[in-house]
Amino acid sequence: MAKKNRLVGFASRALLSMEMPTLFFRNILTADSWIKHSQWIPSGLAELSVALAAKGCGLKRHRVKARLNGSLKADSALVDAFFERETVNGVNLFNAIAYSVCAETERLPHELQRERDADALSITRWATYALTASEEIERSINRLSPQAVLSCQGFLVESAILRDKARKLGIPSVNWEISIERSKMRVDINDGNAVFFPKMLKNAAAGAAIDNLNLQKHSHHTSGIEAFQWPSGRFRILFLAQVYSDASIIFKSSGSMNPVSLVRSVMTASKSMNGFLVIKAHPKEISGSSPIGKPLSSLTLRKLMDHGFPWSSQGGEDFFYDTSSNLDTARLIESADIVVAFNSQGALEAAMAGKETIIAADSYFSELDVFWRIRAVEDLGPILAQIASGCRKGNHNTARAAVRDHLERQCIGADASSVAKFLLDVAKGQGG
């Protein structure tokens, strides 16, 4: 077995090498990233390169030579271009580096400030890197003439640049992302990212609905096992927190609608209706790290505390914050009357359980009719009152059928063979 693994490793390194002559009928180009994104790649690049090679297709991996320069001084022109979302030398700086800057500074876009030294330095470092990487990637595209490009999610610096250059040249861009089911992966072609696309279909095809209890979650989505004893006679409201620096938060939050403002609004509304609120921390925020390797260290809770949490509410009397993520999410959902989330896949699990579920931002599943949508924090109180008075949107059969349809029709197997087949079809012009 060890010998076989060494042979596969040697073969895959050769197949991925940019120095190797192009020997294949078709080539697919990807790029290394500074972001540590291995957790998002269901199928390793080494195994994928071997599977593609067996089909006569090469996976070429551009290894960016540029490096982040920690000794740079803030460049006001680059900082201004980022905030104004301008294009510099063919690179839209905000689109290319916002994810990385926000992960590094632990701030959402609306929290970044031109005048704050740490923000300006982070923007300058990442913008300088992006401009150099852009030149490298363009040379690789010109040299290899790929039939498709491949990126993880679509928000990483190199991915954003590679995707945009491919789009201008009419080259298909494939983005991948983990799905709600561990054995499947979400794939998007040309929309720009696999976090928000493809959108889940509203009208599911006929067939048996999937049982959410059978879904196999990824390790960093696994919650604790403890049960919670809700106070009797109170309306039970569950808030499912997302990782504060997740792409779904970074690109869908604003100064008026963000995790902090939403939690505050939920707490105010819950207290006014004599409800009891449980805030469930995302498991990854307890023991995980951000994509650039910095420990998350309860980032959402730290942000809430910075803004005066818990405001006028009393812990134990009005709410409970599961700061260690020890509570079982599935059991919390099952026992709650209402589930609220900014933009969390947990909201989809709640809908599959038939719960009245309120979400505040666009996602790949947000267009389903089983959700209550709010556009402003002021909308939350009236919607909670509607639900408390008996209005209903939740329908577990509809939600489960939609998830089944999504996994069967819009996702592919996470194994290297399935991914290779899909990519080859795209490279041949048959995918999508």
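**Exercise 1. Overall make-up**

Among contacts in the protein between residues at least 6 apart in sequence, what percentage join residues at least 24 apart? Then state the helix and strand counts and the buried share of the residues.

Solution. The model is a predicted one. Step one: of the contacts between residues at least 6 apart in sequence, 75% join residues at least 24 apart. Step two: the protein has 15 helices and 14 strands. Step three: 55% of its 432 residues count as buried.

**Exercise 2. Helix α8**

Describe helix α8 (residues 259-272) by its span, its burial and its two ends.

Solution. Step one, span: α8 has 14 residues, and the distance from its first C-alpha to its last is 20 Å. That is close to the 20 Å expected at 1.5 Å a residue.

Step two, burial: a residue is buried when its relative accessible area is under 20%. In α8 this applies to Pro259, Val260, Ser261, Leu262, Val263, Ser265, Val266, Met267, Ala269 and Ser270. Ten of the 14 residues are therefore buried, and α8 is largely enclosed by the rest of the structure.

Step three, the ends: at the start of α8, a side-chain oxygen of Asn258 comes to within 3.0 Å of the backbone nitrogen of Val260. After α8 comes Asn274, with a positive phi near 55°.

**Exercise 3. Two helix crossings**

Classify the crossing of α8 with helix α13 (residues 380-388), and that of helix α2 (residues 45-53) with helix α15 (residues 416-427). Give the residues that make each contact.

Solution for α8 and α13. Step one: their axes come within 9 Å and cross at roughly 45°. Step two: an angle under 35 degrees would count as roughly parallel, and 65 to 115 as roughly perpendicular. The two helices are therefore oblique to each other. Step three: the crossing of α8 and α13 is right-handed. On the α8 side the contact is made by Leu262, Ser265, Val266 and Ala269, and on the α13 side by Leu380, Gly381 and Leu384. The α8 residues Leu262, Ser265, Val266 and Ala269 also appear in the list of buried residues from Exercise 2.

Solution for α2 and α15. Step one: these axes come within 9 Å, with a crossing angle of roughly 55°. Step two: this makes α2 oblique to α15. Step three: the crossing of α2 and α15 is right-handed. Glu47, Leu48, Ala51 and Leu52 of α2 make the contact with Ala416, Ser417, Val419, Ala420 and Leu423 of α15.

**Exercise 4. Strand β10 and the loop after it**

Place Asp322 and Ser325, decide whether each is buried or exposed, and give the contacts of Asp322.

Solution. Step one: Asp322 lies in strand β10 (residues 319-322). Its relative accessibility is 4%, so Asp322 counts as buried. Step two: the Asp322 side chain reaches the backbone nitrogen of Leu327 at 3.0 Å. Step three: with neighbours within four places in sequence left aside, the contacts of Asp322 are Ile279, Lys280, Ala281 and Leu327. Leu327 thus appears both in this contact list and as the partner of the Asp322 side chain.

Step four: Ser325 is in the loop between β10 and α11 (329-335). Its relative accessibility of 6% means that Ser325 also counts as buried. Ser325 is not a glycine, yet its phi is positive, about 55°.

**Exercise 5. Further loop residues**

Where are Glu106 and Ser245 placed, and which peptide bonds to Pro198 and Pro310 are described by omega?

Solution. Step one: Glu106 sits in the loop between α4 (93-105) and α5 (117-144). Its phi is near 60°, a positive value in a residue other than glycine. With a relative accessible area of 12%, Glu106 is buried.

Step two: Ser245 belongs to the loop between β8 (235-240) and α7 (247-250). At 5% relative accessibility, Ser245 counts as buried. Leaving aside neighbours within four places in sequence, Ser245 is in contact with Tyr99, Ala103, Ile250, Leu296 and Leu299.

Step three: the bond from Phe197 to Pro198 is cis, with omega near -5°. Pro198 is in the loop between β7 (184-189) and β8. A cis peptide bond also joins Phe309 and Pro310, where omega is about 10°. Pro310 is in the loop between α10 (299-306) and β10.

Terms used. Residues numbered from 1 in each chain as written. Predicted model: local features only at pLDDT ≥ 70, side-chain atom pairs only at ≥ 80, totals over all residues. Heavy atoms only, no water. Helix = DSSP H or I, 4+ residues; strand = E, 2+ residues; numbered from the N terminus. Expected span 1.5 Å × (residues − 1). Buried < 20%, exposed > 50% of the residue type's maximum accessible area, 1.4 Å probe, protein only. Polar contact = N/O pair within 3.5 Å; in protein donor to acceptor, adjacent residues only side chain to side chain. Axes fitted to C-alpha atoms, helices over the stretch in contact; angles between N-to-C directions. Parallel < 35°, antiparallel > 145°, perpendicular 65-115°, else oblique. Left-handed = near helix turned anticlockwise from the far one by under 90°. Contact = heavy atoms within 4.5 Å.
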